[in-house]
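Good morning, colleagues. Please take a moment to look at the structure before I discuss its charged surface, its core and its salt bridges.

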Amino acid sequence: MTLLDKIDPTRCIGENHYRSGRVEPSDFAQACGETQATRGEVNPEGVDTGQGSHANQLGCAGVDAFPYDHDAWLTLRILGDTHNDLMTSRIGIAHRVNRAAVNVDVLVGTLDLVGMAEEEAWKQLRSTFRRVAPEVAAWVKDTPGLGERLVARLLGTIGHPIVAHPFRWMDEAPDGHVCDPDRCGKRHLVAFEPFLRSASQLRQFCGVGSPDRRAKGMSQDQALALGNPRAKSLVHLIAEGTMKSAGGETKAGRVRRRSPYRDIYDDGRLRYEERDEWSKGRQHNASLRLVKKAVLLDLWLVAQGKAPLR
C-alpha cells in the first residue's frame, strides 16, 4: 500500500493542525504545524510584505500537477533519519568516553564502529541527495557558504521543500481511516491531504516563521507547530556558514568567494544598529534571521526548477 492509498480524501489539513506525540520522518511524518493560512509576498530579503503573490499560491494547486518522485524523497528522509541517529549515538558515546570517572577504553572500539557507520550513512545520504535533488545540489555547489552536508541533512529532515505530506497521531480513528498494523494501536497515525507548500509555510516549518505565533504558556502541541526542531537547527548552521563566507584572500593569496547571503547579513547589521535598545547579540540574531529567510526562499525557488534570487 502506498502513501497516497493511505490518504483519506474526506479530510484536509486545517489552518492550525497541531500534532501530538513524536512522529519520525521515516514514519511518513511531516509536522502538522505546517499551515495554509499564511498569505504574504516575499521580497528579495525573504521578508513578508503582506501582499498576495505566486509565492503563496502553490498550496491551492494540486500535488499531482507537481513533478515529484515520492518514493525517492521518502528514501532521502529515511537516510537522513538514519544518519542523524548514528551521529547522535557517536556524540553520546564520545561524551561518555571523555567524561567517565573510570577507564572505558573498551568503548573506543564501539565508538570507531559507530563513526564508520555514520560515515557510510552520510555517503548514502549524499549520493541520494545528488540523485533526487540535482537542481538543489547544483545550487549548493555554485553558492559559497552553502555546505552540501548541511543542505542534504536539511532535505533529509523536511523532505521535498515544496510537497508536504502531513500526518497526525489521533486517539480515535476518523471515518475512512485504514489502520496500519505496524503503526496503529491505541493511537492512529492518520494521513491528511498532501499539499504544496508556500515559501512562508516552508519557513514556518523550518522554525523561521512569524514570531507572533509564539506565546508564553503555550501547550506542547502549539510549540511543536512552530517548526521542526532539527530543521530549525540545520537552517541556523547553514545561515552561519554563509555569514562567515565574507570573501577576501587567504595568507597564500588565494581569493575566497563571497557568499551573496553575507550581503544580506551586513545590510541587516547596518539597519539594526539604529535600534539602540537592542544588544549586539540581538542585532546579530535578527540579521541572521534575514539570511535564514533568504536561503529558504531560494531553496523553495530552486526546488521548483527556478533560478534563485541570489
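Does Glu-273 count as buried, partly exposed or exposed? The model before you is a predicted one. In it, Glu-273 has a relative accessibility of 45%, and therefore counts as partly exposed. Glu-273 sits in the loop that runs between α9 (260-272) and α10 (280-302). Together with Glu-274, Asp-276 and Glu-277, Glu-273 makes up a patch of negative charge on the surface.

I turn next to the interior. The largest nonpolar core holds 53 residues, and those touching the most other members are Phe-129, Val-136, Trp-139, Leu-154 and Leu-155. Several helices each supply at least two residues of this core, among them α2 (70-99), α3 (106-132) and α8 (229-244). The most is given by α10, with 12 residues.

Finally, the salt bridges, of which the count is 8. Asp-81 pairs with Arg-230, with the closest N and O atoms 3.0 Å apart. This pair links helix α2, which holds Asp-81, to helix α8, which holds Arg-230, across 149 residues. Asp-81 counts as buried at 3% relative accessibility, and Arg-230 is buried at 18%.

A second salt bridge joins Arg-90 to Glu-118, where the closest N and O atoms are 2.7 Å apart. Arg-90 belongs to helix α2 and Glu-118 to helix α3, so this pair ties together parts 28 residues apart in sequence. Here Arg-90 is partly exposed, at 28%, whereas Glu-118 is buried, at 9%.

Lastly, Arg-258, Arg-262, Asp-263 and Asp-266 are connected in a network of salt bridges.

Terms used
Residues are numbered from 1 along each chain as its sequence is written. This is a predicted model: local features need pLDDT of at least 70, side-chain atom pairs count only at pLDDT 80 or more; totals for chains, interfaces and linings use all residues. Side-chain values use heavy atoms; hydrogens and water are left out. Patches are made of residues with over 30% relative accessible area and no salt bridge: like charges are joined within 9 Å, nonpolar side chains (Val, Leu, Ile, Met, Phe, Trp, Tyr) within 5 Å. Accessible areas come from the Shrake-Rupley method with a 1.4 Å probe; for residues, only the protein chains shown count as cover. A salt bridge is a side-chain nitrogen of Lys or Arg within 4 Å of a carboxyl oxygen of Asp or Glu. Lys and Arg count as positive and Asp and Glu as negative; His and the chain ends are not counted. The place of a charge is taken as NZ of Lys, CZ of Arg, CG of Asp or CD of Glu. Helices (H or I, at least four residues) and strands (E, at least two) are DSSP runs, numbered from the N terminus. Buried means under 20% relative accessible area, exposed over 50%, partly exposed in between (1.4 Å probe, protein chains only). A nonpolar core is a set of buried Ala, Val, Leu, Ile, Met, Phe, Trp, Tyr and Cys residues joined through side-chain atoms within 4.5 Å.
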